[in-house]
Amino acid sequence: MDFRPVTTEERKKLVDALRGNAEESLAILMDRRDTSFVGAGEEITDDEVISAIQSVPVHY
């Protein structure tokens, strides 16, 4: 995997998402294709939840 520093725009989105999560219990949203941060939101679709669960590596 290549290391690439977080861009200024992505850093702002991440900080806003973390702040929304801490202060308002909003979910932190990520792009499925490249795992970049896309913000925070109250409503999460079932497809997003399933995708997040499937992305967790399991070694059992």
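In this predicted model, Lys12, Asp16 and Arg19 are linked in a network of salt bridges. Within this network, Lys12 forms a salt bridge with Asp16, and the closest N and O atoms of the two side chains are 2.8 Å apart. Asp16 in turn meets the side chain of Arg19 in a salt bridge with an N to O distance of 3.9 Å, a value that is counted because the rule asks for a nitrogen of Lys or Arg within 4 Å of a carboxyl oxygen of Asp or Glu. Side chains of opposite charge can pair when their charged atoms come close.

The positions of these residues along the chain fit the pairing. Lys12 and Asp16 both lie in helix α1, four residues apart, which is about one turn of the helix, while Asp16 and Arg19, also both in α1, are three residues apart, again about one turn. An α-helix has 3.6 residues a turn, so residues three or four places apart point the same way. As for accessibility, Lys12 is exposed, with a relative accessible area of 53%, whereas Asp16 is partly exposed at 37% and Arg19 counts as partly exposed at 44%.

A further salt bridge in the same helix joins the side chains of Glu9 and Lys13, with 3.4 Å from N to O. Glu9 and Lys13 both belong to α1, which comprises residues 8–24, and they are four residues apart, about one turn of the helix. Glu9 is exposed, with a relative accessible area of 54%, and Lys13 is partly exposed, with 31%. Altogether, the count of salt bridges in the model comes to four.

Helix α1 itself has 17 residues and reaches 23 Å from its first C-alpha to its last, which is close to the 24 Å expected at 1.5 Å a residue. The buried residues of α1 are Glu10, Ala17 and Gly20. They cover an arc of only 90° around the axis, and therefore lie on the same side of α1. On the other side of the helix, Thr8, Arg11, Lys12, Ala22 and Glu23 are exposed. Strands β1 and β2 are among the elements that cover the buried residues of α1. After the helix comes Ser25, which has a positive phi near 60°.

Strand β1 spans residues 27–30, and its side chains alternate between two faces: Ala27 and Leu29 point to one face and are buried, while Ile28 and Met30 point to the other face and are not buried. In a regular strand the side chains alternate between the two faces of the sheet. Strand β1 is joined by four bridges to strand β2, which comprises residues 37–41, and the two strands run antiparallel. Leu29, one of the buried residues of β1, has Gly39 of β2 as its bridge partner. The hairpin formed by β1 and β2 has six residues between the strands, and in this hairpin Thr35 takes a positive phi near 55°.

Terms used: Residues are numbered from 1 along each chain as its sequence is written. This is a predicted model: local features need pLDDT of at least 70, side-chain atom pairs count only at pLDDT 80 or more; totals for chains, interfaces and linings use all residues. Side-chain values use heavy atoms; hydrogens and water are left out. Buried means under 20% relative accessible area, exposed over 50%, partly exposed in between (1.4 Å probe, protein chains only). Two strands pair if DSSP finds at least two bridges between them. The expected span of a helix is 1.5 Å times one less than its number of residues. The arc is that of the directions from the helix axis to the C-beta atoms. Contact means heavy atoms within 4.5 Å.
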